[in-house]
Amino acid sequence: MGERLRWPLIAYLDTHVVLWLAAGKVNRLSSKARGLLDRADLLLSGMAFLELEYLRELEKTRFPARDLLEKVSHETNLRLCDLPFSTIASAALDEKWTRDPFDRLIVANAKANGFAWLISADGAIRKNYPRTVW
């Protein structure tokens, strides 16, 4: 995050970050990530929202995606991104570094929104999206 910060400062949350925030596990986030949480307008990609529900269906979390979003939104300024899917899908065409459709579209969403920041501990994302904060 050595780059000059632009205003308005926008940051997307990766799926696991939402789960940690919902569980009150802010300490799992790096100090850089926590600092960005405090300064940025926080957005959740529609794909991350869908992945939260997918994880519930796989019984990896107990709570529905809507409940998780509502809880974290109440505690932070997180909101669901409203960029058109066609814009995000177009950006995803260039994300050939992964076969994971969730990661591909989450990164594409941040990229499509002015190359916004993305808070993620995922090593593959950090390696391939230079505006990832961890």
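# Exercises on a predicted model

Five strands make up an open sheet with parallel pairing, in the order β3-β2-β1-β4-β5. The edge strands, β3 (79-80) and β5 (132-133), each pair on one side only. The structure is a predicted model, and the exercises below refer to it.

## Exercise 1. Strand and helix placement

Determine how β1 is joined to β4, and state which strands α2 and α3 lie across.

*Solution.*
- Step 1. β1 and β4 run parallel and are joined by three bridges.
- Step 2. Within this pair, the residue opposite Tyr12 is Leu118 in β4.
- Step 3. Helix α2 (residues 31-39) lies across β1, β2, β4 and β5, and its direction makes an angle of about 125 degrees with β4.
- Step 4. Helix α3 lies across β1, β2 and β3, running at about 55 degrees to β2.

## Exercise 2. The length and ends of α6

Compare the expected span of helix α6 with the distance between its end C-alpha atoms, and describe what is found at its start and after it.

*Solution.*
- Step 1. Helix α6 covers residues 101-112, which is 12 residues.
- Step 2. The expected span is 1.5 Å times one less than the number of residues, so at 1.5 Å a residue α6 should span 16 Å.
- Step 3. The end C-alpha atoms are 16 Å apart, which agrees with the expectation.
- Step 4. At the start of the helix, a side-chain oxygen of Asp100 comes to within 2.8 Å of the backbone nitrogen of Phe102.
- Step 5. After the helix comes Gly114, with a positive phi near 75 degrees.

## Exercise 3. The buried residues of α6

Identify the buried residues of α6 and the elements that cover them.

*Solution.*
- Step 1. The buried residues are Phe102, Asp103, Leu105, Ile106, Val107, Ala108, Asn109 and Ala110.
- Step 2. Their cover includes two strands, β1 (10-13) and β4 (117-119).
- Step 3. Helices α1 (15-22), α3 (46-57), α5 (85-92) and α7 (123-128) are also included in that cover.

## Exercise 4. The surroundings of Ser45

Decide whether Ser45 is buried or exposed, and list its polar contacts and its neighbours.

*Solution.*
- Step 1. Ser45 is located in the loop between β2 (41-44) and α3.
- Step 2. Buried means under 20% relative accessible area; Ser45 has 2% relative accessibility and therefore counts as buried.
- Step 3. A polar atom of the Ser45 side chain lies 3.0 Å from the backbone nitrogen of Met47.
- Step 4. The Ser45 side chain also makes a polar contact with the side chain of Asn109, at 3.1 Å.
- Step 5. Leaving aside residues up to four places away in sequence, Ser45 touches Tyr12, Leu80, Leu105, Ile106 and Asn109.
- Step 6. Among these neighbours, Leu105, Ile106 and Asn109 are buried residues of α6.

Methods: Residues numbered from 1 in each chain as written. Predicted model: local features only at pLDDT ≥ 70, side-chain atom pairs only at ≥ 80, totals over all residues. Heavy atoms only, no water. Helix = DSSP H or I, 4+ residues; strand = E, 2+ residues; numbered from the N terminus. Buried < 20%, exposed > 50% of the residue type's maximum accessible area, 1.4 Å probe, protein only. Contact = heavy atoms within 4.5 Å. Polar contact = N/O pair within 3.5 Å; in protein donor to acceptor, adjacent residues only side chain to side chain. Pairing = 2+ DSSP bridges. Axes fitted to C-alpha atoms, helices over the stretch in contact; angles between N-to-C directions.
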